[in-house]
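Please examine the sequence and the structure shown below. The report that follows considers charged side chains, cysteines and one helix.

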Amino acid sequence: MSYASRLPASWNDTFPARKVEIDLSSPGLAVGELERLLFTGKAICSHADEVWPKLYIGDQHSAENLADLSLQRITHVLNAAQCRRHAGADLYKGTSITYMGIEARDSCNFDLSPNFQRAACFIDGALGRGGRVLVHCQVGVSRSATLVLAYLMLKQRLTLVEAICAVKNHRGVVPNRGFLRQLIQLDGQLFGPHQYKHV
């Protein structure tokens, strides 16, 4: 089975039982704390996992397996690792899948933040029309996860820590440190300085 869909009736029930306190006002310290929180998540055991209702994070294999995409009724694919080596939009010609590609390197120095709003609008539009979205990159842990976390922050109004808690128990994700800093900056823009506490 290459897709996993085991979302509880209410995703809010999946927050960790332990107390989470992260001060996002100091990005240098916050990155390490966020990594520790991410490492408490689920191990990857499938090519794609549903991390929010009808929203999946997956790897390159999940995006290229047209039979599984059809079986899971995926209507939209967001490729966070668009490159010339892979087919991209051509792979979905003749299908009903709507495709969007973003050229991004999984590097701490790569600025993925200019794509946050565009990706969030693509995901939100698809879900708003009853679609099912696969967001993928090569392995499905950094670039794709970063875009999904940004979507949850921008469109679902979750703080960064809330978004991580919503995703990590359904798929093991670890955005690189540069992407985490960009998400911390987004959190500050959306919610101002705050210390997140959850028991």
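Lys 93 has a relative accessible area of 63% in this predicted model. Because the cut-off for an exposed residue is over 50%, Lys 93 counts as exposed. Its side chain forms a salt bridge with Asp 90, and the closest N and O atoms of the two residues are 3.3 Å apart.

In total, the structure holds 4 salt bridges. Three of them are listed here, with the N to O distance of each.

| Salt bridge | N to O distance |
|---|---|
| Glu 33 and Arg 36 | 2.5 Å |
| Arg 177 and Glu 35 | 2.7 Å |
| Lys 93 and Asp 90 | 3.3 Å |

Where do Glu 33 and Arg 36 lie? Both belong to helix α1, which covers residues 27–38. They are 3 residues apart, about one turn of the helix. An α-helix has 3.6 residues a turn, so residues three or four places apart point the same way. Glu 33 is partly exposed, with a relative accessibility of 30%.

The salt bridge between Arg 177 and Glu 35 has an N to O distance of 2.7 Å. This pair links distant parts of the chain, for its two residues are 142 residues apart. Arg 177 is in helix α7 (residues 177–191), whereas Glu 35 is in helix α1. Is Glu 35 buried or exposed? Glu 35 is buried, because its relative accessible area is 12% and the cut-off for a buried residue is under 20%. Its partner Arg 177 has a relative accessibility of 40% and therefore counts as partly exposed.

The cysteines may be considered next. A search of the whole structure finds 0 disulfides. Cys 108 is partly exposed, at 42% relative accessibility. Cys 121 is also partly exposed, at 40% relative accessibility.

The last topic is helix α5, which comprises residues 143–155. This helix has 13 residues, and the distance from its first C-alpha to its last is 18 Å. That span is close to the 18 Å expected at 1.5 Å a residue. How many of the residues of α5 are buried? The count is 12 of the 13, so the helix is largely enclosed by the rest of the structure. Among the buried residues are Arg 143, Ser 144 and Thr 146, as well as Leu 147, Val 148, Tyr 151 and Met 153. After α5 comes Arg 157, whose phi is positive, near 60 degrees.

Conventions. Residues are numbered from 1 along each chain as its sequence is written. This is a predicted model: local features need pLDDT of at least 70, side-chain atom pairs count only at pLDDT 80 or more; totals for chains, interfaces and linings use all residues. Side-chain values use heavy atoms; hydrogens and water are left out. Helices (H or I, at least four residues) and strands (E, at least two) are DSSP runs, numbered from the N terminus. The expected span of a helix is 1.5 Å times one less than its number of residues. Buried means under 20% relative accessible area, exposed over 50%, partly exposed in between (1.4 Å probe, protein chains only). A disulfide is a pair of cysteine sulfur atoms within 2.5 Å.
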